[in-house]
Each structure stands twice: as C-alpha cells, then as structure tokens.
Amino acid sequence: MKQRVVLHTPGRMTLLAAVLAGLCAPAFAVTATPVAGVVISQVYGGGGNSGANYKNDFIELRNAGDSAVNLSGWSVQYASSTGTSWQVTKLPDNVVLQPGQYLLVQEAAGTGGSTALPTADVVGSIPLSGSNGKVALVSSATPLSGAKPTENVIDFVGFGTANYYEGTGATPGLSNTTAALRKNEGCQDTNDNAADFVADLPVPRNNATVYPTCSGAPTPQPIVLTCPGSLGLDVGAGASAPLQASDADSIVNSAVISKGGVAGISLTGFTAATPNNRTATANLVVDASLPAGTYPVEITFANDTNQSNSCTVNVAVSGTIKIPQIQGSGLKSPYANTVQTTSGVITKKLGSGFYIQDPQGDGDPDTSDAIFVYGANAAANEGDLVRVTGTVTEYAPSGSVRSYTELKDVSAVTVLGSGYTITPVNIDLPAELSHYEGMLVRFANPLTVNGNSYLGDRGELVLANGRRETPTNRYRAGTPEANALIADNQKNEVILDDGIFTAPPHIPYLAADKTVRAGDTVTDLVGVLDFGAIGGGGGWYKLQPTATPVFSRTNPRQDAPTVAPGNVRVASANVLNFFTTFTDGTDAWGRTGQGCVIGNGAPAKSNCRGADNLTEFQRQRDKIVNELKAMNADAVGLMEIQNNGDTTVSYLVDALNAATAPNTYAYVPKPAATGTDAIRVAMIYKPAVLTPLGGALSDGDGVNNRPPMAQTFKVKANGAKFSLVVNHLKSKGGCGGAGTGDADSGDGQGCWNATRIQQAKRLLNYFIPTVVAAAGDPDVLAVGDFNSYGHEDPIAFLTDNGMVNELERFVRPNGTPYSYVFDGQSGYLDHALASSALDPQVAGVTEWHNNADEPDAIDYNLGDTADDPYVNNAFRASDHDPVVVSLNLAPAFADVTGSVKVTMSALGYNRVTGKFTGSVSFANTSAAALAGPLQFVLQGLPAGVTLDNKSGEFNGAPYVTLPGTGLAPGATATVALTFTNPSKANVTFTSKLYSGTF
C-alpha cells in the first residue's frame, strides 16, 4: 500500500503517515514513492459508443511493486466528474497480483464498438463516461462517499474535467477512441495524474499479458496445469485421471482438493517437482462406490514461492435407474442435479420435448411412473420405448411454489422398440398431483370449468371437481375453516392446456355459441400431466390432452335474470371502464387530441381506460346496453364509468333509450363530489316509475377516492320512498405504497384492506345516517363493487352493525353466491346490503351470470386474440356480474274506498262569488279503524272545473285531506268542497279515498 499524502489527492494515508503529517508543517507535505504497489494503469470509458475502439468500458490495474499483492476485499469504483455517489465493482477474493502483472476489469457495454476486449479477469457493469470522470482503487467494497473521498483509497485517477485528482491536475480529456494510459507501461507513479497519464489509443492488458516488472526484476513464471475438463463413468465402474503441474522458475510442491471434495473422490500419488524435473504429478481417483451424480472437483497446485493455480474436473457418474426412482415420493427428486439413464415409452411429444413412462411402474401410488424429457428432439415416435441419458433437474417457473422433475441436457436417446401402449391411470380431484407427474392419466369423473381468463392468449382452462369458492367468500379470513378451504382448493385444480406454449392460432374449446363458460363440465378427459407456467403467474400441473376434450353446457346462459316479483327492481352493474374518451386520444364524437383526468392533473389519453378506439367502444357500448336492457331495472347503480361530469352517463342513457323507447331512462345528475379517480359511480332510473327527491349526495372524504353516491326515490305507484347508495371501494390490487394493514397479508383479502375497512366505517357511521336524515326515511339499499368478498372484514363490519347481506339471505341457501371469478375461484365482490328497515321489504335478490362465467376472449377488445369471437349480445359486457334486487316496498298510501259509504250533498251556487259549494261525507262501514291521514281524491272532474280548496294533486287529480287523525268503525267524516265552474257545467267526478300520504 502506498504510504504518502499528496496535495489535491484523495489522502491515501496510513496511521504512521498520518502521525508524521500531524507533527510536520505544512500539514499536507508531499511524499512521493515512485513504485509502491498496485496502481490504476489505464481507464477507458468510450466502450460501445459510436466510433469506439472497443465494445466495453474497462479499468486496468498493474502491480508496479516488487511483491505480490492479495486483492481480496478490494474494489474499483467510479463517479462522474463532479459526482458524490460511487458505483462499485468488487474484485474477487484471493486474487493475487504478481509483480508487474496486469488485471483487466471489464465494465459496461454499449451498442457500438468494433472489437471485443481480451478475456477480462473481472467483469463489472459500471457505465463510465467517455470523456470526464473519477476512478478509485479502494481497499474495501464499501461505496465511497463525497466528491473527494480519502478513506481506504489506494489509487485515484481524475480524468478530463474531474473536480478531484492526484497532484496538479487531472489527466487529459478522453474520447470514444482514447484512453488514459499511465506512462512507462503503467509503471510511472509520481502521484500527479496530469504528469503520469497520456490520452492515447486504448491498449487493454489482462492477467495473461507477458510483462516485465517495473523495477526490472525477473518476471515470475506461472504454474502451468494439465487437467482433463471432465471425467465420465458408469455407476460401479470407478476411474482415475492423471494431473500435471509445471513451473519454469519454481518448484511445485503441493496439490490438494480445494473445492467439491466428497467421499469416494480422492487425490493420490502426488509427486512433487524437482530442480531436474519441473513437473509434479498426481491422480484424481473416483471410487466404484460413488453414487450417480455430477461432482465438480477443484484441485489447487502450489509452489515454493507462494504461487498457486487451480483447475476443475467435472466428474459425471451415470447409471440406469427406473423413472419412479428418479421421481421419488417427495415433491423433489432425490437424484436432482445428477446425470441418469432411464427408459420409458413415449406417450406424447411436444415442441420442447416428450414424455416417457415406465411400462410397468413400481406399484407405489406416491411415486410417478413418468418424466418429461426437455429439449430432446429425437427421431422417435409416440409408442416407442427409448433409453434416455440426461441431467435430473427441478424445473420451477417464475413465481411457482412447486417444481417439476424432468430430464434435460440430454446426451443420448436410443430407440429400443416400437408399438408400445400405456394405459391411462384413473385419478380424481382433489389429489396430490405430484404423484402423477408426466403420466398418462384419465379424469373419468366430470371436471368443472373454474376459470377461462387465459383461454384466448394461452389456450388454458382451470378445471376442478365442482366449483371452487373463494375461501373468504364463505369464511372470515384467517379462520381454520378458511385456511382448510385454501388447502382443499389447491389440491382441487388442474389446468387444461392445448399443447401449445405460445398464443394459440385459434381459441380452443369454444362451443358453437362462441363460448365455454365457467360451470361447464368435461368428462373422460385423457392426457399427460404436465407442469409449467400458467396464466396469471406461477406454475401448476397442466393436462396436455391426447384426445379431444368434449364439454357439456351444464351452466347454460340466461338471456335475462330471473327476478322475484316486487314493485321496484334495482340493479348494480360494474360496466368495466366505460369511457367515451379513448386511449388513442379520440372520443365518441370523433374529436381528436382528447384526454382523461385523474385528480387535478391535466387531461391525457394515458389516463383513459377501456376502449382503445371508436370501433372497440361501439362494441363495448352495445354489450352494456344489451345487459341493461335485459335487466329492465327501475334504478341501476353503475361503477367504473368515466369521471367526466355527466357526459358519459348521459351518452349511455341516450344509447339505452334508443334501444328501448324514448325517455325510458334518465340519469341522476352528478353529486358535488365524484372523486379523484378516472372512474366514478353513477345512477340511472326510469322516470315513469320513480321520482328523485332532492339532489344526489356523495361523501367526498379523503378516504374515498371514488365517493359513494346516494339518491332518494319516491315510487309513483304507491308513494313509497327508499334511498339507493352506490359504492365502489378501494381495489384489492395495485399494492404499491400500501402501508400497515394495507399490504397483502396473505390471508386472502388482498391489498388495501385497512382502507376498505375505513371506507365501510365511514359509509355506516356517517354517510348512510346523512342520507336517512335528508330523506326522512330509514329504507336504504347499499349496492356496488365493494372489492371485498362476502365474509371479509369490510362486509363483516357492515353486517355486524345492522346492515343485512341480502345475497347471503337469498342466494346462499340455493348455492354459492358469486359475481366475480379470479384465479379459478368464485366469489362475490358486488353486494346488496339493506338497512334493517328495508330488509323486510326485500322480495328477492339474484346475480345474473352473464359476465363472470364468460371468457375474457369474447369481450369487445380487438387484436388481443388470433380469432375474434365477439357477438353483439349481453355476455361478457364486463368482468363482474350484475346484482338485481326486487323490492316490495310498503305503500305510503292505500285505497280504502271500499271501506266507506260516500254521501254527496247537492251543490249550491253562490251568485256573489260565482262558486259552487257542497260537501261529501265518508262513513266507515268496516269493522276496523281507518288510519289517517285520509285523502279524498276527485278523479275525472270536467274540463274547466277546478277544486278551490284542494290540499294537493295526486296523479293529476285534486285531493282534499279529511279532518281528524283517522276514522273509527261506524264514524263519519265530512269535508266541504268549493268549485270554480265558469261554464256552469255539471260537476261530476269519481270519489276515491286513500289512507296515507302522497
């Protein structure tokens, strides 16, 4: 190590130098040691640039001293010319640089450059500047800090416009064709970068470059080895290999197995070199007892001048064993990473290899009788018996929790015979499928389609025994029951593939109606049990069929939902990013340069979701309109509609009215707060059935990026009131930035659960009470996409505190409630929650499975699959199923005309006032009291006749409220009437008496 302190240099100062410097004046005296050890001998940063000499940047070191230097723990580091942060390339441990020897450190490559570097001794990835920068040789691998570091710095080069350097200045500026070269072949070191370096053509030199020492002393000669690269043998054979080491100027006097030593491999018969015979010899011996496998063995020779050199011999012991032995009874092979020879019948060939199965098997149900042979394109056919030699490996796709035993790096495939057949083994789910890896199997019992999201782009269907329910859809997260269902679901799954590992040229398994639905079944499914990457990430067992699967439509489509009778029908529909502004910057009206808004940001097309262009939009619009038309709901809560005021919701209403009849639907004008997301909730209704009371309300609290929206309605037919609240809680995905309680805990509730709980509390404790107070009525129905399955924490909070889960009440007794299919499991994110006051008036709830059961591939999108199975209908209008609620709302008034006797007095005419006056009496002829208020309605008055003392109007007819609070049995109430009748027509009308309030 150089023990000197230099003005303007990174102070490479030992303890002794520091003490001496502290005792002297000036404090930074210059002490020059021209040859003192390892230095930076060359820096080149133009590698890979346009016109560059070489394809990579590099840093070259040289031992300018007279003693060997061990570089263990050292590094080279780089910063920009004025930078304070340092990038590090660590030097390998136990690298010894002999006097005069070079070390070539290769750094980042570019796309240019004409020549590859000589073989590098160290490979890093730092991109150096081609003109200006700073390079340090450091006696540790800890990144330096600051623009002018000193601690642990061995040597330092500032080049070009660097703000730090040794001595009086930096080296000259560099270029794509010049490097900073230390003078005198890297030996000159006066601690002055400006004086010690020149800018010249780069000349990279590595450890093997012939070199003199800087002091002129003789150059030490290396130890030269003669070792075989590999030693192959069969199990039980045993073998040995001769090894030699020579040195022209030293005596090789030792040899050891330095790495990979195992019982059964030894080094014997070592004979040291002598002055007369400069070659040492030894034998690497492999005992016959060594089991099959691959054993890399490193042997290190050393001499009497502390030099050493190593070589590695790869010992490969192979043997013929049966496939079940290779597979073993565990999840991984006991022979992993060993070379083995086995035999079996080819049951299926795929593009990447083939499956072989032992024709007899071992009779053990816990060990598979088959294995996949990867990467072998042998001239063999299905039905051939073959012998295969290859390395046993455990293949695990990215994200997979399991691996798959297979043979790869196949060295030999020999056909032993032809015409063999393998009988499929029958299995039923749930099962431990690792016991059947690679085997020809038959699922004799029906399997149900549980997922079809990746049918179009991967040709996959998720199959199971029956329909798998999302565990938190049935049980509280983390309970023993939920955990048990997680385990059961994992064993109850197999992926039906199509034998193609790229996007299929045609979407497989679709029926004549262009779909295969979740809930459909397939019987007598035969194929080989593969394992690999699956849609959505990770890996699982995949059946590659050997016979064409035949599906049964056991989950038929319904053209419209079946709804219980009631007097008001309410629906909840997620319309999956229905935007009238498209991702290509156009919109539904043909304008260009358009964008969507998130929060307070500027409009940008990148903020838009849903349709990419007008053609996709029209296809999407038509499916949504078909869905809404078929549901025929009186009020609909919408989620995932563009948050651009009422523009998009009004467009949808116009399209829906065009498909039904003019003015069939209207939209509820947006509330004050619609949130900061690109999407919002909205509401439409039938004006002929419902009348909005007051304006819409929303809760713009910061916890709601998509605020809930509420509207109170009055039913025209019977005066009943209820309030509809539409919700869209925080999504389970997009976990970036999730904090405590919001990160995915692995209990099945996904991310942002704590936020959804806060939203649920805000809904129950603040927003619903606000809505009730404004309406003066306790009947509330909360619908929407809560992004929480049926028994997750947010829903549990609401139902534990008075809200009634109508899906559990009406749907659960008849089967699994679900509106969404994810990861091959079904559950409901879309809810219908009633207040305790409204609950008795809920007549029924249904989920219309027109969306979740359908493949993604049949939606409105263009170009994402080879085929285009789009049909203009209501199926796959979204990824969520709509929920339809039938309400039987108690009337606000009732017709009690049949319970009274109506007596009309004669009308008199007052000549002074010009009015006609009279009275009507009502006698309660029933045995029950008539509750007030009582409203007398005069239906069918002649044109031009008006009732002056009317209390109001009902359905266009005037009415008068009777005095008193009710009418007891036998009691009579009388009300006076005053008419304006300019034409003096006969005053005729039909009397109706109602109990209640209009």
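This passage walks through several strands, one loop residue and one pocket of a predicted model.

Residues are numbered from 1 along each chain as its sequence is written, and side-chain values use heavy atoms, with hydrogens and water left out. As the model is predicted, local features need pLDDT of at least 70 and side-chain atom pairs count only at pLDDT 80 or more, while totals for chains, interfaces and linings use all residues.

A good place to begin is strand 32, which spans residues 525–533. Helices (H or I, at least four residues) and strands (E, at least two) are DSSP runs, numbered from the N terminus. Of the 9 residues of strand 32, 8 are buried, so the strand is largely enclosed by the rest of the structure. Here buried means under 20% relative accessible area, exposed means over 50%, and partly exposed lies in between (1.4 Å probe, protein chains only). Two strands are said to pair if DSSP finds at least two bridges between them. Strand 32 pairs with strand 27 (residues 440–443) in the antiparallel sense over 4 bridges, and valine 528 in strand 32 has leucine 440 opposite. Strand 32 also runs antiparallel to strand 33 (residues 539–545), joined by 7 bridges, with alanine 533 and glycine 539 as bridge partners. Strands 32 and 33 form a hairpin with 5 residues between them, and glycine 536 in the turn has a positive phi of about 95 degrees.

Strand 40 (residues 709–715) comes next, with 6 of its 7 residues buried, so this strand too is largely enclosed by the rest of the structure. Its antiparallel pairing with strand 39 (residues 690–698) extends over 6 bridges, and so does its antiparallel pairing with strand 41 (residues 721–728). Phenylalanine 713 takes part in both pairings: proline 692 is its bridge partner, and phenylalanine 722 in strand 41 stands opposite. In the hairpin of strands 40 and 41, 5 residues lie between the strands, and glycine 719 takes a positive phi near 75 degrees.

Further along the chain, 5 strands form an open antiparallel sheet in the order 49-60-54-57-56. Strand 49 (893–895) and strand 56 (952–954) are the edges, each pairing on one side only. From one strand to the next, the twist averages 40 degrees, where axes are lines fitted to C-alpha atoms, for helices over the stretch in contact, and angles run from 0 to 180 degrees between N-to-C directions. Within this sheet, strand 54 (residues 934–939) is joined to strand 60 (residues 990–996) by 6 bridges, and glutamine 935 has tyrosine 994 opposite in strand 60.

Phenylalanine 579 lies in the loop between strand 35 (568–578) and helix 8 (614–631). This residue is buried, with a relative accessible area of 0%. Its contacts (heavy atoms within 4.5 Å) include Cys596, Arg609, Phe617 and Ile679, leaving aside residues up to four places away in sequence. Leucine 652 is 73 residues from phenylalanine 579 in sequence, and their C-alpha atoms are 10.0 Å apart.

Finally, the second largest pocket holds about 870 Å³ of space. Its lining has 27 residues, and the closest to the centre are Val96, Gln101, Asn207, Ser308 and Asn309. Strand 19 (293–303) and strand 20 (308–318) are the elements that give two or more residues to the lining, and strand 20 supplies the largest share, 3 residues. A pocket, on a 1 Å grid over the protein atoms alone, is an open set of points where a 1.4 Å probe fits, with protein on both sides within 12 Å along at least five of seven lines, and lining residues have an atom within 4 Å of a point. The volume is the space filled by probe spheres set on the points.
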